[in-house]
Amino acid sequence: MRELAASTISENVAEMCQEANFYLGEDVFDALKKSLETEESPTGKEVLKQLIENVEIARSEQIPICQDTGFAVFFVEWGQEVHLTGSTLEEAMHAGVRKGYEEGYLRKSIVDDPLYERKNTGDNTPAVIYTDIVPGDKVKIAFAPKGGGSENMSAIKMLKPSDGEEGVVDFVVNHVKAAGPNPCPPIVVGIGIGGTFDKVAVNAKKALFRKLGEPHPDETFAALEKKILDKINDLGVGPQGFGGRTFALAVHIETFPSHIASMAAAVNINCHACRHLERTI
Amino acid sequence: MEPKRIEAPLTDEVVMSLKAGDNVLINGVIYTARDAAHKKLVELMDKGEPLPIDLQGQFIYYVGPTPEKPGNAIGSAGPTTSGRMDAYTPKMLEQGMKACIGKGLRNQTVRDALIKYKGLYLAAVGGAGALLSKRITKSEVVAYPELGPEAIRRLEVKDFPATVINDAYGNDLYVEGAKEYAR
């Protein structure tokens, strides 16, 4: 059994909160730069140039890429041979979020009672934490600060199996079209297909954690990702919705086996500030 | 097309000279307000009580910035989604506001109110919070400090970039722009 101190988790989480908000990953930055070469609209090009400059300013001065520094979302893969000492995993991660958001001058965007009082918790906790127990003696933490504007443009639909590929494509493309400029395009589209009502939503979120430029490992789903991406960009919505050819940078699909009666589908959208990173401890 | 330099607060003449799709650089004083501050302002209007800021000719910027680092005027400061302010915007225009800056779609009621009161809806580039913070030279909280990132701030801006989405003639860049590039 490997012993791991809770403080090690907290320290790593605190650093990850800041790193993700100041330094956009190379995968997303490359996709932005590449889109500048293919964008046809002059206004669209102007927006993309501002976005690239924004990433550079954020990196060099450690200013958050976006003022919405997000809901802290984590996927943790916990090796079953690791024993955590000092506190619970949840406490350790929340201590990290608290420290990272305070010391990094990040915005605290979480309110406690969602309906009535909506009082800010003041430290950006709680985080949303998904934990899987896996073989081995390592802990992998994936983190994404998830912006509210793009999160609000999410949807879930319990399709019928007979709706087929066309049903999924129509649901996603129509939904993204209705979202239009709201989720800060160019966007990254996470899609879950299969599983239960809850599982499909988590998979849509998980899809946003994948590195841009890495297609689905299954060729059929990789082709579907490409097909949906082309249809979305053909809407002409473009960067920020000002018109253009770059509405989305990528479409990622995550699948799960399905009940014989169901075909769940979910869409979770990320803005161009698709901040995500992972560490293995 | 070269962006047009405009001064804040706005006159009707400048409002009427701008069309959907125009890029502008804003200079002068603007105010911030998002969901919670709008709610408070409109509650005061409904009660007929004085507002903490004078809205005549003003720009309202929908933003909840990050806390500023020591030495910086403001933290990351990009626009938030405007649609959440739709319920309040016609009343704000009625009280003298001339323009609002955010990102994303407005409803028909807001678009009609922009025509009626000669107003503009502009978008700044969403998610360009670091870049936009560099165009804000001064920031101070002038009302509702208890709202934290949602407090009303007075900002001094220099060449703050924005694009006209809905003008006072009923044009809409979100509709026209997409039409041009759809296939």
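## Salt bridges across the chains

A salt bridge here is a side-chain nitrogen of Lys or Arg within 4 Å of a carboxyl oxygen of Asp or Glu. By that yardstick, chain A and chain B have two salt bridges between them. Keep in mind that we're looking at a predicted model.

One such bridge brings together the side chains of A:Glu61 and B:Lys134, with 2.5 Å from N to O. Polar contacts add to the picture: 19 residue pairs link chain A and chain B this way, with both partners at pLDDT 80 or more.

## What chain A brings to chain B

On the chain A side, helix H3 (42-61) and helix H6 (164-179) each supply at least two residues that touch chain B. H3(A) gives the most, with nine residues. Sorted by class, the side of chain A that touches chain B has 18 nonpolar, 15 polar and seven charged residues.

In terms of contacts, 40 residues of chain A meet 40 residues of chain B. Together the two chains bury about 3300 Å², and carbon and sulfur atoms account for 58% of it. If you want individual residues to look at, try A:Gln67, A:Tyr105 and A:Phe242: they supply 23% of the area that chain A buries against chain B, more than any other three residues.

## Two domains in chain A

Now for chain A by itself. Chain A splits into domain 1, made of 2-20 + 65-146, and domain 2, which covers 149-275. Their C-alpha centres sit 26 Å apart.

The two domains of chain A do touch: 14 residues of domain 1 are in contact with 13 residues of domain 2. About 1100 Å² is buried between domain 1 and domain 2 of chain A, with 67% of that coming from carbon and sulfur atoms. On the domain 1 side, A:Phe75, A:Pro145 and A:Lys146 lose the most area to domain 2, together giving 51% of what that side buries.

## Holding the domain boundary

What polar links run between the domains of chain A? There are four residue pairs in polar contact between domain 1 and domain 2, both residues being at pLDDT 80 or more. The count of salt bridges between these two domains is two. A:Asp132 and A:Lys206 form a salt bridge, with their closest N and O atoms 3.9 Å apart.

Which elements build the domain 1 side of this contact? Strand S2 (71-79), strand S4 (128-134) and strand S5 (139-146) of chain A are the ones that give two or more residues to it. S5(A) has the largest share, five residues. By class, the side of domain 1 that touches domain 2 in chain A has 10 nonpolar, one polar and three charged residues.

## A closer look at A:Lys157

A:Lys157 belongs to strand S6 of chain A, residues 155-159. Is A:Lys157 buried, exposed or partly exposed? Its relative accessibility is 42%, so A:Lys157 counts as partly exposed, the cut-offs being under 20% for buried and over 50% for exposed.

Which residues does A:Lys157 touch, leaving aside its neighbours within four places in sequence? They are A:Phe171, A:Met263, A:Ala264 and A:Ala265. A:His94, by contrast, is 63 residues away from A:Lys157 along the chain, and 32 Å separates their C-alpha atoms.

Notes:
Residues numbered from 1 in each chain as written. Chains lettered and ligands numbered in written order. Predicted model: local features only at pLDDT ≥ 70, side-chain atom pairs only at ≥ 80, totals over all residues. Heavy atoms only, no water. Domains from an automatic or database assignment. Contact = heavy atoms within 4.5 Å. Buried area = accessible area lost by both parts, 1.4 Å probe. Polar contact = N/O pair within 3.5 Å; in protein donor to acceptor, adjacent residues only side chain to side chain. Helix = DSSP H or I, 4+ residues; strand = E, 2+ residues; numbered from the N terminus. Nonpolar A, V, L, I, M, F, W, Y, C, P; charged D, E, K, R; others polar. Buried < 20%, exposed > 50% of the residue type's maximum accessible area, 1.4 Å probe, protein only.
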